[in-house]
Amino acid sequence: MDIRTVPFDHPDAVKLNDEVQAEYHVRYGDGGDSTPLAPTDFEPPNGVYFIAYDDNDAPVATGGWRSQDANGEGNEDGDAELKRMFVIEQARGLGLARRMLAALEENARAAGRTRMVLETGTKQPEAIALYTSSGYAPCVKFGYYRHFDDSRCFAKAL
């Protein structure tokens, strides 16, 4: 797996984002994640967006983080918010999500962020299992979905 830094609006990022949105719609029936995101959210040093490519140079996984500080929505100073973690169906079970997560944590730590936070949902048990097995613990709900019953928020000190 070759992990590359790309803009959030890179054509491969847009393609995989469309795929993850379609999967969210199937799982939740709500059209996908409505969290406001902008390409500038993922520009270093305030964030990053990665795509993992396979040996045939095909995009197979994505993930990014964006800086968040205390904002009245549950974030704390020094937060790095994990966004758009996704592995295409054909590449699941190969450890790509865990490798992507480790790369994102390392990048956020190097950028001076002190805590990685994420929001997922009850209909994504695979995501919850990945995060809890990677040292994430439930935290105060934050962000766009903080008032939704299906929302689950996790955090890990960096």
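The following questions and answers concern a predicted model.

Student: Is Gln-21 buried or exposed?
Tutor: Gln-21 belongs to helix 1, which covers residues 11–28. Beyond residues up to four places away in sequence, Gln-21 touches Gly-31, Gly-32, Asp-33 and Arg-84. Its relative accessibility is 14%, and the cut-off for burial is under 20%. Gln-21 therefore counts as buried.

Student: Which strands stand at the edges of the sheet?
Tutor: The sheet is open, with seven strands in the order 1-2-3-4-5-7-6 and mixed pairing. A strand at an edge has a single partner strand, so one of its sides is left without a neighbour in the sheet. That applies to strand 1 (2–5) and strand 6 (137–138).

Student: Which residue of strand 3 stands opposite Tyr-49?
Tutor: Strand 2 (residues 47–53) pairs with strand 3 (residues 59–68) in the antiparallel sense, over seven bridges. Within strand 3, the residue facing Tyr-49 is Gly-64.

Student: What angle does the direction of helix 1 make with that of strand 4?
Tutor: Helix 1 packs on the sheet, where it touches strand 2, strand 3, strand 4 (79–87) and strand 5 (115–121). Between the directions of helix 1 and strand 4, the angle is about 85°.

Student: How many charged residues are in the lining of the largest cavity?
Tutor: A search of the whole structure finds one cavity of 30 Å³ or more, and the largest cavity holds about 40 Å³ of space. Its lining consists of Thr-35, Glu-81, Lys-83, Glu-119, Phe-142, Gly-143, Tyr-144 and Tyr-145. By class, three of the lining residues are nonpolar and two are polar, while the number of charged residues is three.

Definitions and conventions. Residues numbered from 1 in each chain as written. Predicted model: local features only at pLDDT ≥ 70, side-chain atom pairs only at ≥ 80, totals over all residues. Heavy atoms only, no water. Helix = DSSP H or I, 4+ residues; strand = E, 2+ residues; numbered from the N terminus. Buried < 20%, exposed > 50% of the residue type's maximum accessible area, 1.4 Å probe, protein only. Contact = heavy atoms within 4.5 Å. Pairing = 2+ DSSP bridges. Axes fitted to C-alpha atoms, helices over the stretch in contact; angles between N-to-C directions. 1 Å grid on protein atoms, 1.4 Å probe; cavity = no way out; pocket = protein on both sides within 12 Å on 5 of 7 lines; lining within 4 Å. Points joined across faces, edges and corners; volume = space filled by probe spheres on them. Nonpolar A, V, L, I, M, F, W, Y, C, P; charged D, E, K, R; others polar.
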